[in-house]
Amino acid sequence: MKKLYLIKRIGEILIEKKKISSAVLQTALDAQASTGGRIGKILIQQKEIDEIDLLEALAIQFDMELISTLPTEIQSEFTSRLSIGFLKKNKMVPIADFDDAYIAINDPYSFQPADDIRHILGWEGARAVLCPAHVIINSINYAYDMTQDTAEEVMQDINDEDPERLFSAIEEVGDLLDDTSDAPVVRLVNLMFSQAVRDNASDIHIEPYQNSLKIRQRIDGILYDMLSPPKHAQSALVSRIKIMAKLKIDVKMLPQDGRIELKIGNKDIDVRVSTLPTSAGERVVMRLLDKSSVLISLSDLGMPDDRLRPFVEEIHAAHGIVLVTGPTGSGKTTTLYAALTTIHKTDINIITIEDPVEYKISGIGQVQVNPLIDLTFASGLRSIVRQDPDVILIGEIRDSETAEIAIQSALTGHLVFSTLHTNDSASAITRLIDMGIEPFLLSSSINAILAQRLVRMICSHCKEEYTPDPEELRRLGLDSSLTQNKKVFRGSGCSKCHHTGYRGRCGIFELLLMSQSMKSLVLKTADANAIKQQAISEGMITLRQDGAMKVLQGVTTIEEVYRVSHV
């Protein structure tokens, strides 16, 4: 043990490690003299060092171990004996990893709370290690989320509960994991949301039937059964969600839309709620959007270079229309946001009109469609073009009026991004002509059309090689000779992927470029097949072909590509 007079001060250690200069230290000391506080925190506030720099210096000063990560699989029996609020407040968490037990702390001066943990858990003599604050908070959230009541236990409580008590008003808390309410329906809703966020679900469905109630969640585009609460809990469950979404609980025969803002652990979740009356009761669908997630970049979409390069060129064009097509849930908005962040600079004015605004982007004007005040895509777009925009993003072209304004905007020097619901890129031209748009306007304004789908990727933990049936290859358009020296994979199913064999998704893409010959063809015909064949002859890779390439690369499976690209 070092003697006190030999312990170096934090400032001296940081200077020795060349993290700060003497002048910087003196400035911080002057600030400390006037405002108080620890010198390390002051240096962080002044952005001279970061948290890791300080922890490294504290590790030297207190002769402690510094770790940057904590194990994900930890024993969490302590959650019944220590409150989550106590641990978060003191930024410390007990870790029992196999035979090793220690306490991860963020502040070595917090010795009293650490001693309290040792005493409560009977961990006398357990060492303390330094760890970054966000790592500790994540570990706390994970431990308490994992040890919440199981759905079966909660639903048993609902069975035993007086139905009138289920409607009792419960005060909202900041973090669902901190909610200690004993009302079963509140616990069930909290469990439902936390499990969906943990499983990276995009949607939650509450589906009432004549004699049953089912809750399902959509993961990687596929719906899976989640919970089956008792039928008599239906009214209380839906009422609880409607209260959270600020909807009218006494209106049960009309559809309603609302939103909930949740905090689950370290994630901020925006929930879009839609209710629909059915013969068996109100059906509720909730779309979950993680606001704390980072916007994906174009290079992360899974687009091959031979399509990424020309697509990037088109989104940097001075004017024209770039369309992204595909069914609902195919990632069109994500692709357009990635395009916006790619071209976003301070010297261009970007305005979007969306329904709803899914991601907030700093420096971009974003307009939310609101039919209640007659703010539609068409009416909003008329106002946007008077705002001197360089780039306009239209969430979706739904009618001829919106399409006409978008094309006129493109022809008058604006770059327009938008989406359209069609099966492939060639069908987008046919759809616009069906809306009443003249072919000569389309050939003059459209720069490129990107069709896309999302395919589930094979789980890396249970990936296995197999020999595909020749019929499977034929359905995908692959000749068996192409796979003789290629490995074809599938997932056998494991706990990491919920025994589906898939984990995560990536895109398959079809990019149609408006060449001169393509523009001439559009003036002559609206036949999607003829347009598609012309594009293929010019080198376009179809959705099915791109999917086949990803099968041969071991990214996804034959069945998955056939499922999403089957027309």
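The chain you're looking at has 21 helices and 18 strands. Keep in mind that this is a predicted model. Of its 567 residues, 49% count as buried. There's also plenty of long-range contact: of the contacts with a separation of 6 or more, 64% are between residues 24 or more positions apart.

**The nonpolar cores**

Let's start on the inside. The largest nonpolar core has 44 residues. The ones with the most contacts inside this core are Leu 43, Leu 70, Phe 78, Val 93 and Tyr 144. A second core, separate from that one, has 38 residues, with Ile 351, Val 369, Leu 381 and Ile 437 among them.

Leu 43 is a good residue to click on. Setting aside neighbours within four places in sequence, what is Leu 43 in contact with? The list runs Leu 14, Ile 20, Val 24, Ala 28, Glu 48 and Ile 49.

**A pocket and a cavity**

Now for the empty space. Rolling a probe the size of a water molecule over the atoms shows where such space is left.

The second largest pocket has a volume of about 510 Å³. It is lined by 26 residues, and the closest to its centre are Ile 10, Ile 39, Gly 40, Gln 61 and Tyr 109. Helix 1 (10-16), helix 2 (22-35), helix 3 (39-45) and helix 4 (51-62) each give at least two residues to this lining. Which helix provides the largest share of the lining of the second largest pocket? That's helix 4, with six residues. Sorted by class, the pocket's lining has 14 nonpolar, five polar and seven charged residues.

As for cavities, the count comes to one of 30 Å³ or more. The largest cavity has a volume of about 30 Å³. Its lining is made of Ile 321, Leu 323, Ile 397, Ala 403, Ile 407, Leu 432, Leu 442 and Ile 446. Strand 10 (320-325) and helix 14 (400-411) are the elements that give two or more residues to this lining. The class split here is eight nonpolar, no polar and no charged residues.

**Helix 10 and its surroundings**

Helix 10 (residues 234-244) is worth a visit too. Nine of its 11 residues are buried, so helix 10 is largely enclosed by the rest of the structure. The buried ones include nonpolar names such as Ala 236, Leu 237, Val 238 and Ile 241, but Arg 240 and Lys 242 are also on the list of buried residues. What do the buried residues of helix 10 pack against? Their partners are helix 9 (184-198), strand 4, strand 5 (213-219), strand 7 (256-264), strand 8 (267-278) and strand 9 (281-290).

Carry on along the chain and you'll find Leu 247, in the loop between helix 10 and strand 7. Leu 247 counts as buried because its relative accessible area is 13%. Its C-alpha atom is separated by 6.4 Å from that of Gly 258, although the two residues are 11 apart along the chain. Besides Gly 258, the contacts of Leu 247 beyond four places in sequence include Lys 242, Gln 256, Asp 257, Val 273 and Thr 275.

**Asp 203**

Strand 4 (residues 203-208) holds Asp 203. Is Asp 203 buried or exposed? Buried, because its relative accessible area is 6%. The side chain of Asp 203 makes a polar contact of 2.7 Å with the side chain of Ser 202, and a polar contact of 2.7 Å also joins the side chains of Asp 203 and Arg 287. Leaving out neighbours within four places in sequence, Asp 203 is in contact with Arg 216, Gln 217, Arg 218, Met 286 and Arg 287.

**Positive phi angles**

Most residues other than glycine have a negative phi. Here are two residues in this chain that go the other way.

| Residue | Phi | Location | Relative accessible area |
|---|---|---|---|
| Lys 18 | about 60° | loop between helix 1 and helix 2 | 74%, exposed |
| Asp 220 | near 55° | loop between strand 5 and strand 6 (222-227) | 18%, buried |

Lys 246, which follows helix 10, has a positive phi as well, near 60°.

Technical notes
Residues are numbered from 1 along each chain as its sequence is written. This is a predicted model: local features need pLDDT of at least 70, side-chain atom pairs count only at pLDDT 80 or more; totals for chains, interfaces and linings use all residues. Side-chain values use heavy atoms; hydrogens and water are left out. A nonpolar core is a set of buried Ala, Val, Leu, Ile, Met, Phe, Trp, Tyr and Cys residues joined through side-chain atoms within 4.5 Å. Buried means under 20% relative accessible area, exposed over 50%, partly exposed in between (1.4 Å probe, protein chains only). Contact means heavy atoms within 4.5 Å. On a 1 Å grid over the protein atoms alone, a cavity is a set of points where a 1.4 Å probe fits but cannot get out, and a pocket is an open set with protein on both sides within 12 Å along at least five of seven lines; lining residues have an atom within 4 Å of a point. Grid points are joined across faces, edges and corners, and a volume is the space filled by probe spheres set on the points. Helices (H or I, at least four residues) and strands (E, at least two) are DSSP runs, numbered from the N terminus. Ala, Val, Leu, Ile, Met, Phe, Trp, Tyr, Cys and Pro count as nonpolar, Asp, Glu, Lys and Arg as charged, and the others, Gly among them, as polar. A polar contact is a pair of N or O atoms within 3.5 Å; within protein, one must be able to donate a hydrogen and the other to accept it, and residues adjacent in sequence count only if both atoms are side-chain atoms.
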